[in-house]
Structures are given as structure tokens and as C-alpha cells.
Amino acid sequence: MINEYFPNLANIKEIIKETNNTNTYILEFFDKKLSNDFSWTPGQFMMLGIPGIGESAISISNTQNGNLIYLTIRNVGNVTNYMSNMKKGESINIRGPYGMGWPLEIAKGKDIIIVAGGMGIAPLRGLINHIINNRKNYGYLEIIYGARTPDDMIFKYEFNNWNKIKNSTLHLTADQVLSETPFECKIGLVTSCFPMMKTHHRNAITLICGPEIMMRYAAKCLETIGFADEQIYLSLERRMKCGIGKCGHCQIGSKFVCKDGPVFNYADIKPFIRPL
Amino acid sequence: MKVFTILKKDINILLEHFLKNFRVFGPIKPGLDSTFNEITSIKQLHLDYTSTVLPPKKFFHPPKEALFSFEIKNGKYANQEIKSNEKILILGIHPCDVHALLRLDKFFSDEYQDIYYQNRRKNAVIVALNCVEPSEYSFCMSMGTGPFLNEGYDILLTDIGTEYLLETGTNLGNQIIEGLKLKKATDTSFQEKKRRLKLTEKKFKKFMDTTWLPKIAQENLDHEVWIKLGERGGVGDSFPCLSCGSCTFVCPTCYCYDIYDKLDLSLEKGVRVRELDSCQLLEYGEVALGENFRRERKDRIRHWMLCKFAAAAGGKNSSCVGCGRCIRVCPSKIDITKVAKELRGWL
């Protein structure tokens, strides 16, 4: 029997600096078999551990060649602070991937609206890449990405590619824009971009990830412009200890965020998200 | 399956037989309360108990355990698994606690396996004891988990006066009692068992109606009972919840735990530890940067009640078995059966 709690060693192949407190780590399992067998769907997460410090759930932002795992991490806690001081070539513990990803099958043939706030773009980047690679299967693509300042935005090097996607619009917005930016950036919350959307709710699906307060407002605004709860999907955040639906910390209503989520249909979890 | 009887005064023969092959754990009574502990002689055994402080969950999902150890040497980590294969026998578990174990079995073996729990469970023999003297707090009859047991035991004992009726439930149970000279049970023993069951059923003081309860609980998230429980008023003659977490620690089906790393003083090695956690504590729902998804006390007690009413993520696997331990230990005198009644609008 496999011991799910037992992590595997991975090597830090490369570190990409995203902002002054966020890095993307490119990891590879030391174990060749694990490395070759690795498979994932966008929206899933890995449990990343540092012996002596602890474990943390981090979503996969991208993969390369099927075996290089991209984890984008902002240093906010014990594990992530330690991570920020790590260097290329050092090793860490990872296990996973866990959870159910974005509803790729349900989204087929529909227009897609992606709403991301701050670090929330990380689990959505894999999805955007998936859509780029399977462009014919999906309708119009609308990406709305908001952050506190343009400097806090991650994956800035991807914006050019995203702008060039056929049949799509990229809205970038920030709460504060203090200096000139190399890309077009509006001022305001993500919800302020909703009136500029080219997509109609008739055959669309919305995928949201960000701070919970932003997701609540975004879902509420989408409701007022005609979206049904069933058309909205959210990726939630909880402090997971096990990642396999046993430790109980991530419960929301009758679901485990780690096992049944982290992506949920808004209709399923609406009563358990705190009212505005 | 085989059925025997054994005289009460001969129970030491049974115990000595068990002690030959197993570490035996059973109820002892060191003070006013009973507890499960290791038994080495018949003097310690106290089979006439009503309920123990902690459920026998502690043998399978211990309050604290090391998952694996690791070494940090010149920047390289090496993990090392800890495994133990000790055979134990638990004597005198009541039906409610056996049902709780059956639920935890399901919980820890769905989708993802919990190897630590399953390993200990596999190496344990359950010698259950039917309950003839329910405590004043228990309501297992309403939950369908007692007072007599139909499943989940290797050997089952029933007090029928001067004797115990001994039934085996598994092949393992048959193997264990091999070599013992036991008297074959007669029809009168069975009749006595039935009579005792009826007598016991009349002794219950608490009841809980579970029909549609998960659905009722899920659809009444804004019911005033949660405000009464968490903020002011209380339910029945109780005070509002203090969020002490006692209920979760004595509950035989509460499974939540925390995982953390414990580093040795040398900073070169350590262990990853898991320790029981409680959804009643403030830190339970906290995430990075201080956001807390169950900051309000009423949200936390509501979550626990929903969990016990089979309406949370654990489903039926973490639901109440009616042992009554939480009612007994609650410093605010919160009574889960009264909460259920009030939720239905019956109080």
C-alpha cells in the first residue's frame, strides 16, 4: 500500500523571479519513474514540504515536457518564507498532485471568462495554456486579471502571448497604478472590467480564482449581469494539512476542498461562503 | 459462528488466554471514571463500566503520533518511514465505540488510504461487550448503534446474569478461543440475552430523531439555534459554547488532525508529527495572511454539530454514534440531542 503522507524528493531546477516577493520554482522529481509518470490537470495542487518547517499546498502553474513542475509561490508564511531563500539545485519534498482541476470537459464549446486576482492567476495559467493548445474546442476567451499594483502582477512575460490568442481579450487592472507600465493596465477592481466584456452569458462559463473576498464580489456581480450560479466555478483556498481528505481542516459544507475541490461550482458552496 | 457461555468468575481464564498472544487493553477504573488501558492481570479489569472518558479511538487514531522521521544533512534530506506491527486485543468495547471504529474504517479507507490507521486496525482484535447499563447521557438506541451489537466484532460478550454469552463473529475470533474449554450455549442463554436487550432498551433517558436530520441541518444554516449556541442564550438549560474543544477530543468519530514538524535540538533530524486537532479552536480555519473561514464561535459549533448530524464532509463516517461523551464533558452543558430537537422546532 502507498503511504500518501510520505513525500518524494524533488530538485529545484530553476527559479524565475516574478515580483520582489514571488518566485516560480521549476521542480523535477529525483525518482525517474515518478517523474515520467507525472500527470496533472490545470487547477490541481501539490503538497510542498520542507523538513523541519512544514507543508503547504501550492497550485501547479504550468508544466514542461510533462515532468517539470512549475510552482509559483509568494512568501507569506513559514514554508514559503523559507522557500524564498532557497537556491537552484537544492532539494525539497513534494507529493501530489491532489484535487480536482478546472472543469475542462464542461467548458468545451463554451465561451470562457477567466477572472483572477493577485496570486489567483497561478492555477489559471495552466488552464490558459491548455486553451491555447486546444483552441478549437473552446469559444471566445476573456482573461481578466487584477492585482494591487502592476508590479505585483505575475507572469508578466506571458501577457504578450495572451494578447495574441485568437478570439480573446485580455483585461489587466490594478488598484493603484503609480508608474508607467510596459503593458496596458486599467485602474480598478476586477469587477470594473465586467461591463467591458465582449462575452455574453448565454453560452459562457466563468472560472474565478483569487482572494475569497474578491471571488465573493466577482460571483455576486456576475449574478447581477445574468450568470447562473451553475456557470460560475471558484478555486478555493484553505490551509490543508494532508491534501487527501483526512485531516478535516479544509471542509466547506459537505465537501473537502482538497479532495472534492479546490475548484467548486458556485451553486454547491454558495451557502457556506460567508455572506457579504 | 460459534456460541459459548463462560462463568463470570472464569473470565480470568479467558484473559490469561488472550494475554498469551496479545497485548490486551481493556477498561480499568482507577478513580471515579473508567478508562481503556493495558491489562496485565484480572484485578485491573473492570467490565461493569458504563462509559470511558476517552473512546478506544486512541489506539487506532492516537492523540499524537510520528508519521515519519527525516534527516537534514548538508542541505540534503532523507526521509525514513516509521512502521510498527504490534498485535493488540481490545477487551470490553461497547457497541457504540465499535460502530465508531467501523465508521472510521470507512473514512480512512476511501479514495486515499491512511496506511497508519489501517495498519493498526489490521493488527487489532476486537472483543466487544454488549451494553446492559447505558450511561445517563447515551442515546445509542436512537442512532442505531446499540445497546447490542450485530457487526464489527471478533468476539462478543453479553452479560446474562452469572455468565457471559460468548459469540464469535469472525474466523479470527474462532481461532483465538481455540484450546479453551467452554460450555456450549443453550437456548435459555439466548432467551436471557433477548430479555436483557429489552430491559436495557428501557433504561435510556436520551433520544434523538435522525430522520432527515442531515438535510434539515444543511438547509437551516441561519437557524437561530446556532446563534443561541454560539453567542447568547444557550439551548435547553445550557450556556453558550466556550469553544474549549472538549467535545471533539472525547468524540469517538472525530478524526481531524494537525500535521507539523518537530525538529531535534541538533537541527539535523526530526519527525513529522500528527496530533488531533479540534474544529472548535480558532486556528483551525485560518489561512495565510490571517484570513479565517470560521472566525465566529457560532460558525465553529455549527460546523461540529453539522459534522455529527452527518451533514459535513465526513458524511455518515464522522456522524454521531450516541455515546454521550460530549454531553458529559461539556462545561456549558450543551446537549446534542436538545440541539437536534430545537433544530426540528420541537423545544
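Is A:Ala174 buried or exposed, and how many other C-beta atoms lie within 10 Å? A:Ala174 is buried, with 21 such atoms inside that distance. A residue counts as buried if 20 or more other C-beta atoms lie within 10 Å of its own, as exposed if 12 or fewer do, and as partly exposed in between, with C-beta atoms placed from the backbone.

**Before the tour**

This is a predicted model, in which local features need pLDDT of at least 70, side-chain atom pairs count only at pLDDT 80 or more, and totals for chains, interfaces and linings use all residues. Residues are numbered from 1 along each chain as its sequence is written, while chains are lettered from A and ligands numbered from 1 in the order in which they are written. The model has an ipTM of 0.87 and a pTM of 0.91. Chain B has an average pLDDT (the predictor's confidence in each residue, from 0 to 100) of 90, and 99% of its residues score at least 70.

**Stop 1: A:Ala174**

Select strand β9 of chain A, residues 168-174, where A:Ala174 is found. Helices (H or I, at least four residues) and strands (E, at least two) are DSSP runs, numbered from the N terminus. Beyond four places away in sequence, A:Ala174 touches A:Gly146, A:Ala147, A:Arg148, A:Thr149, A:Pro150, A:Cys185 and A:Ile187. Two residues are in contact if their C-beta atoms, placed from the backbone, lie within 7 Å. Add A:Val190 to the selection: its C-alpha atom is 8.1 Å from that of A:Ala174, although 16 residues separate the two along the chain.

**Stop 2: the two domains of chain A**

Colour residues 8-98 as domain 1 of chain A and residues 104-272 as domain 2; domain bounds come from an automatic or database domain assignment. The C-alpha centres of these two domains of chain A are 22 Å apart. Where they meet, 17 residues of domain 1 of chain A are in contact with 20 residues of domain 2 of chain A. On the domain 1 side, β4(A) gives the largest share, five residues. By class, this side has six nonpolar, nine polar and two charged residues. Ala, Val, Leu, Ile, Met, Phe, Trp, Tyr, Cys and Pro count as nonpolar, Asp, Glu, Lys and Arg as charged, and the others, Gly among them, as polar.

Next, select A:Pro97, which is found in strand β6 of chain A. The peptide bond between A:Gly96 and A:Pro97 is cis, with omega about 0°. A second cis peptide bond, also with omega about 0°, joins A:Gly261 and A:Pro262. A:Pro262 lies in the loop between α7 (257-260) and β15 (263-265) of chain A.

**Stop 3: where the chains meet**

Display both chains. In the contact between them, 35 residues of chain A meet 37 residues of chain B. The elements of chain A that give two or more residues to this side are β4 (54-64), β6 (91-98) and β14 (255-256).

**Stop 4: the two domains of chain B**

In chain B, select 3-63 with 81-201 for domain 1, then 213-257 with 277-344 for domain 2. The centres of these domains of chain B, taken over C-alpha atoms, are separated by 29 Å. Their contact takes 23 residues from domain 1 of chain B and 17 from domain 2 of chain B. Helices α3 (95-107) and α5 (140-143) of chain B each supply at least two residues of the domain 1 side, and α3(B) gives the most, eight residues.

Beyond α3(B), find B:Glu111 in the loop between α3 and α4 (115-122) of chain B. B:Glu111 has a positive phi of about 40° although it is not a glycine. B:Glu111 counts as exposed because it has 11 C-beta neighbours inside 10 Å.

**Stop 5: helices α11 and α13 of chain B**

Select residues 297-308 of chain B, helix α11, whose end C-alpha atoms are 17 Å apart; this agrees with the 16 Å expected for 12 residues at 1.5 Å a residue. The expected span is 1.5 Å times one less than the number of residues. Nine of the 12 residues are buried, so α11(B) is largely enclosed by the rest of the structure. Among these buried residues are B:Trp304 and B:Leu306. The buried residues of α11(B) pack against α8 (213-219), α9 (224-230), α10 (246-250) and α13 (336-344) of chain B. Just after α11(B), B:Ala310 takes a positive phi of about 65°. B:Ala310 counts as buried, with 22 C-beta neighbours inside 10 Å.

Finish at α13(B), whose buried residues include B:Ile336 and B:Leu343. Just after α13(B), B:Gly345 takes a positive phi of about 80°.
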